[in-house]
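Me: I would like to learn how to read a protein model feature by feature, beginning with a single strand and working outward. Could you take me through it slowly, giving the general idea before the particular case?

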Amino acid sequence: MAKITYIEHNGTEHVIDVANGLTVMEGARDNGVPGIDADCGGACACSTCHAYVHPDWVDRLPPVEDMEADMLDFAYATDPKRSRLTCQIKVTEALDGLIVQMPEKQI
């Protein structure tokens, strides 16, 4: 299990314990965190689970794969270094303390 902090665009924080094996998106969706729409349910077929990874965590996550990079092209206000699709980040104990911030809106 990992404790993940989700920060809404307005600064509201949600600290959630997310089970290993789920994705960061599923942790948000299952706990009603606003700002992660997850329209495709985690199939990496939309960009509505876009979030910015805290700078301290960028290099600690697995790299962006081609499919995720393609979908990030459709996300709102991406940051070339910090933007990720949360459906593509699998939760492990190594992610304990991860911080993600939602963009102003999802497209």
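**Reading outward from one strand**

Reply: In this predicted model, five of the six residues of strand β1 (residues 2-7) are buried, so the strand is largely enclosed by the rest of the structure. As a general idea to keep beside that, side chains in a regular strand alternate between the two faces of the sheet.

Me: Which strands are joined to β1 by bridges, and in which directions do they run?

Reply: Strand β2 (residues 13-18) runs antiparallel to β1 and is joined to it by six bridges, with K3 standing opposite D17 of β2. Strand β5 (residues 99-101) runs parallel to β1 and is joined to it by three bridges; here T5 has I99 as its bridge partner.

Me: What should I look for in the hairpin of β1 and β2?

Reply: Look at the connection and at its backbone angles: five residues lie between the two strands, and G11 takes a positive phi near 100°.

Me: How do I place these pairs in the whole sheet, and which strands are at its edges?

Reply: One follows the pairing from strand to strand, which here gives an open sheet of five strands in the order β2-β1-β5-β3-β4, with mixed pairing. The edge strands, each pairing on one side only, are β2 and β4 (83-85), and the twist from one strand to the next averages 35°. That spatial order can be set beside the order along the chain, where the two helices and five strands run β-β-α-β-α-β-β from the N terminus.

Me: Which residues have the most contacts inside the largest nonpolar core?

Reply: That core has 28 residues, and those with the most contacts inside it are I4, Y6, V24, I36 and L98. The elements that give two or more residues to the core are β1, β2, α1 (24-30), β3 (50-53) and α2 (66-72). To see what such a position touches, take L98, which, leaving aside its neighbours within four places in sequence, is in contact with K3, I4, T5, V24, V53, W57 and L61.

Me: How many disulfides does the structure hold, and why is there no bond between C44 and C87?

Reply: The structure holds zero disulfides. The general step is to compare the distance between sulfurs with a cut-off, here 2.5 Å; the sulfur of C44 is 4.8 Å from its closest cysteine sulfur, that of C87, and this is too far for a bond. C46 is likewise in no disulfide, the nearest cysteine sulfur being that of C40, 3.6 Å away.

Me: Are C44 and C46 buried or exposed?

Reply: Burial is judged by relative accessible area, with buried meaning under 20%. C44 counts as buried because its relative accessibility is 3%, and C46, with a relative accessible area of 14%, is buried as well.

Me: Finally, what radius of gyration does the protein chain have, and what would a compact globule have?

Reply: With 107 residues, a compact globule would have a radius of gyration near 13 Å, and the 12 Å of the protein chain agrees with that. Along the principal axes, the C-alpha atoms fill a box of roughly 30 × 25 × 25 Å. Of the 107 residues, 42% count as buried, and residues 24 or more positions apart account for 65% of the contacts with a separation of 6 or more.

How values were computed: Residues numbered from 1 in each chain as written. Predicted model: local features only at pLDDT ≥ 70, side-chain atom pairs only at ≥ 80, totals over all residues. Heavy atoms only, no water. Buried < 20%, exposed > 50% of the residue type's maximum accessible area, 1.4 Å probe, protein only. Helix = DSSP H or I, 4+ residues; strand = E, 2+ residues; numbered from the N terminus. Pairing = 2+ DSSP bridges. Core = buried A, V, L, I, M, F, W, Y, C linked by side-chain atoms within 4.5 Å. Contact = heavy atoms within 4.5 Å. Axes fitted to C-alpha atoms, helices over the stretch in contact; angles between N-to-C directions. Rg over C-alpha atoms; globule rule 2.2 N^0.38 Å.
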